[in-house]
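Me: I should like to go through this structure by question and answer. Please set out the reasoning briefly before each result.

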Amino acid sequence: MREIMNWSLGGFLVVCGIRDIWKREIPTWWLVAMSVIIAVFVLAVDRNMFLSRLVGGLLGIFFFFISKWTKEAIGYGDSWLILALGIYLGSYEALQVLFWATVIAAGGALFLLWRKRWKKNITIPFVPYLAVAYIGVACI
């Protein structure tokens, strides 16, 4: 059952990443639906790792504060996805996903700098990098 959930969540993140690239937003109802599915899965199927999941959720809440503090430099949708991933994966794997997403995003930013396509007010959607990092961590 966990394999199905991993693949479903990976596909969902890819779809959200594409939406984030095109529209710079993720519909709230998508996030609510994904959160409900994760909550049902965690409560009904995979009830272990309670403390780790709690800390993973706190990681997402921390990102909500960062979103508020930076006036959404990191969007609320990104924070919501980090919260859901933290609850689903637990703290250790959620931190791995965040680390690799940040590293890949930094590589993308360096590529833009190298190609001289960086402008002063450019924003980079973070969800595609979360999707790639999640798929990478889930496959390992």
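Me: In which loop is Arg-24 found?
Reply: The model discussed here is a predicted one. In it, Arg-24 counts as partly exposed, at 44% relative accessibility. Its place is the loop between helix 1 and helix 2.

Me: What is the phi value of Arg-24?
Reply: Most residues other than glycine have a negative phi. Arg-24 is a residue other than glycine, yet its phi is positive. The value is near 60°.

Me: Which residue in the loop between helix 3 and helix 4 has a positive phi although it is not a glycine?
Reply: The residue has a phi of about 65°. With a relative accessible area of 44%, it is partly exposed. The loop between helix 3 and helix 4 is where it is found, and the residue is Glu-72.

Me: How are helix 3 and helix 4 oriented to each other, roughly parallel or roughly antiparallel?
Reply: Helix 3 covers residues 50–69 and helix 4 covers residues 76–89, and their axes lie 6 Å apart. The packing angle is about 170°, and angles over 145 degrees count as roughly antiparallel. The two helices are therefore roughly antiparallel.

Me: How do the residues of the contact of helix 3 with helix 4 divide into nonpolar, polar and charged?
Reply: On the helix 3 side the contact includes Gly-56, Gly-57, Gly-60, Phe-63 and Phe-64. Helix 4 contributes, among them, Trp-80, Ile-82, Leu-83 and Tyr-88. The division is 10 nonpolar, 7 polar and 2 charged.

Me: Is Ser-79 buried or exposed?
Reply: Ser-79 is placed in helix 4. Not counting residues up to four places away in sequence, Ser-79 touches Gly-60, Phe-63, Phe-64, Ser-67 and Ile-74. Its relative accessibility is 0%, and under 20% counts as buried. Ser-79 is therefore buried.

Me: What is the relative accessible area of Ser-67?
Reply: Ser-67 is found in helix 3. Leaving aside neighbours within four places in sequence, Ser-67 is in contact with Glu-72, Ile-74, Gly-75, Tyr-76 and Ser-79. Ser-67 is buried, and its relative accessible area is 0%.

Me: Which side chains meet in a salt bridge?
Reply: Side chains of opposite charge can pair when their charged atoms come close. The count here comes to 1 salt bridge, with an N to O distance of 3.1 Å. One partner is partly exposed at 23% relative accessible area, and the other is partly exposed at 43%. The two side chains are those of Arg-19 and Glu-25.

Me: Which residues touch the most other members of the largest nonpolar core?
Reply: In soluble globular proteins, nonpolar side chains tend to be buried together. The largest nonpolar core here has 34 residues. Those that touch the most other members are Leu-9, Leu-81 and Leu-130.

Me: From which helix does the largest share of this core come?
Reply: Helix 1 (2–23), helix 2 (28–44), helix 3, helix 4, helix 5 (91–114) and helix 6 (127–139) each supply at least two residues of the core. The largest share is 7 residues. That share comes from helix 6.

Me: With which residues is Leu-9 in contact, leaving aside its neighbours within four places in sequence?
Reply: Leu-9 is one of the core residues that touch the most other members. Once its neighbours within four places in sequence are set aside, the contacts of Leu-9 are Met-34, Ile-38, Leu-85, Tyr-88 and Tyr-134.

Definitions and conventions: Residues numbered from 1 in each chain as written. Predicted model: local features only at pLDDT ≥ 70, side-chain atom pairs only at ≥ 80, totals over all residues. Heavy atoms only, no water. Axes fitted to C-alpha atoms, helices over the stretch in contact; angles between N-to-C directions. Helix = DSSP H or I, 4+ residues; strand = E, 2+ residues; numbered from the N terminus. Parallel < 35°, antiparallel > 145°, perpendicular 65-115°, else oblique. Contact = heavy atoms within 4.5 Å. Nonpolar A, V, L, I, M, F, W, Y, C, P; charged D, E, K, R; others polar. Buried < 20%, exposed > 50% of the residue type's maximum accessible area, 1.4 Å probe, protein only. Salt bridge = Lys/Arg side-chain N within 4 Å of Asp/Glu carboxyl O. Core = buried A, V, L, I, M, F, W, Y, C linked by side-chain atoms within 4.5 Å.
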